[in-house]
Amino acid sequence: MVKLFVVRPPIRLLAADIDGTLLNPEFQISRTDLAALRRAHSEGVEIILVTGRRHMFALPIAQQLGFDLWLISSNGAITRSLSGEAFHRDMLPAETCRKLCTTMREFRGNTVLTFDIEDKGAVVLEHMRDLSESIQRWLEKNLQYIDFVIPLENSLTTDPVQAMFCGRIARMQEALKILAESGLENDITVLRTEYPERDLSIVDVLNQGCSKGHALKRWADYRGIAREQVMAIGDNYNDIEMLAFAGQPFIMGNASEELRSRGWAVTASNDQNGVAAAIEQALGARLEV
């Protein structure tokens, strides 16, 4: 007797977040997760990394995988190959950003603008005094790209990729409230990322309709891949749109209880090879005779 166990359509595209998902708490890719991604790639699954990081800051992580792939960076604003070829750019209009800076003036010390260049001025802020220790460490790693401009609006000679507000969770909840009342809802997309163990929140403001989910759908459509054949793995609030789009979404075990209760398949945490566990679950189902 033949038993057919066809649980899902075959995976053709695997989208993985980086921080809190692919990277473990030591900010490394485990050997197990790396082997699982290489196995999926060898079986014909296209891998794409989808991250809130800038392209250049995500590049060293992607290069560790050892095969060619594309990166969706800045929470969906940029899609670019490892070699630098651009597929799509979704910039925040400079005029919208000026209005945003005016609206968020009390958070000026928490504001960072990013631009799609790989030189000094890719990251712009007025000063670092009000930023949390975790964000300051990130900025220190990016010092060669940072420019200090007062007032911040003077840097808006071209459209930025995004505006970021960074700080303690309680402080960023205040920022989210003001953004919700700003009247800019038809011009911007607001995404948040939270790391409670570090008391760190990042509020990203992008062009209207820009998110990881929108960018992943655009790429899947371009590649001719149905959403039912898209797998996504994430851990944070800025992954929601990506996970909602994917036909086979997995939320990391280290995600918040709120995210883990949304009905998505829950994989192991990022300190227990959660990416590999999700890949095994998705690719391990086979026809059995």
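Helices and strands here are DSSP runs, numbered from the N terminus. With that settled, P151 can be placed: P151 sits in the loop between strand 8, residues 146-148, and strand 9. The model I am showing is a predicted one.

Let me stay with P151 for a moment. What is the peptide bond from I150 to P151, cis or trans? That bond is cis, and its omega is near -5 degrees.

There is a second backbone detail to note, at D199. This residue is not a glycine, yet D199 has a positive phi of about 45 degrees. D199 belongs to the loop that runs between strand 10 and strand 11.

Now the sheet. An open sheet is formed by 8 strands, and their order across the sheet is 5-4-3-2-1-12-13-14. The pairing in this sheet is mixed. Which strands stand at the edges? They are strand 5, residues 86-89, and strand 14, residues 265-266. Each of these two has a single partner strand, so one side of each has no neighbour in the sheet.

Further in, strand 1, residues 13-16, pairs with strand 12, residues 230-234. Those two strands run in the parallel sense, with 4 bridges between them. To pick out one of the bridges, L14 has M231 in strand 12 as its partner.

Next, the helix that lies across this sheet. Helix 7, residues 212-223, lies across strand 1, strand 2, strand 3, strand 4, strand 5 and strand 12. Relative to strand 2, which spans residues 46-50, helix 7 runs at about 155 degrees.

An aromatic pair also links helix 7 to the sheet. The count of aromatic pairs comes to 4. One of them is formed by F87 and Y222, and this pair is tilted, with 4.7 Å from centre to centre and 45 degrees between the planes. Why mention this pair? F87 is in strand 5 and Y222 is in helix 7, so the pair ties together parts 135 residues apart in sequence.

On to the open space, starting with the largest pocket. The largest pocket holds about 990 Å³ of space. Its lining is made up of 44 residues, and those nearest the centre are D19, F27, R53, Y195 and R198. Several elements give two or more residues to that lining: helix 1, helix 3, helix 5, strand 9, strand 10 and strand 11. Which element gives the largest share? Helix 5 does, with 5 residues. By class, the lining of the largest pocket has 17 nonpolar, 14 polar and 13 charged residues.

Last, the cavities. Searching the whole structure gives 2 cavities of 30 Å³ or more. The largest cavity contains about 70 Å³ of space. Residues that line the largest cavity include R54, H55, S73, S74, D116 and V161. That lining divides into 4 nonpolar, 4 polar and 4 charged residues.

The second largest cavity has about 30 Å³ of volume. Among the residues that line it are L100, C101, M104, R105 and F165. What does the lining of the second largest cavity consist of, by class? There are 5 nonpolar residues, 1 polar and 2 charged.

Methods: Residues numbered from 1 in each chain as written. Predicted model: local features only at pLDDT ≥ 70, side-chain atom pairs only at ≥ 80, totals over all residues. Heavy atoms only, no water. 1 Å grid on protein atoms, 1.4 Å probe; cavity = no way out; pocket = protein on both sides within 12 Å on 5 of 7 lines; lining within 4 Å. Points joined across faces, edges and corners; volume = space filled by probe spheres on them. Nonpolar A, V, L, I, M, F, W, Y, C, P; charged D, E, K, R; others polar. Pairing = 2+ DSSP bridges. Contact = heavy atoms within 4.5 Å. Axes fitted to C-alpha atoms, helices over the stretch in contact; angles between N-to-C directions. Phe/Tyr/Trp six-rings, centres within 6.5 Å; stacked < 30°, edge-to-face > 60°.
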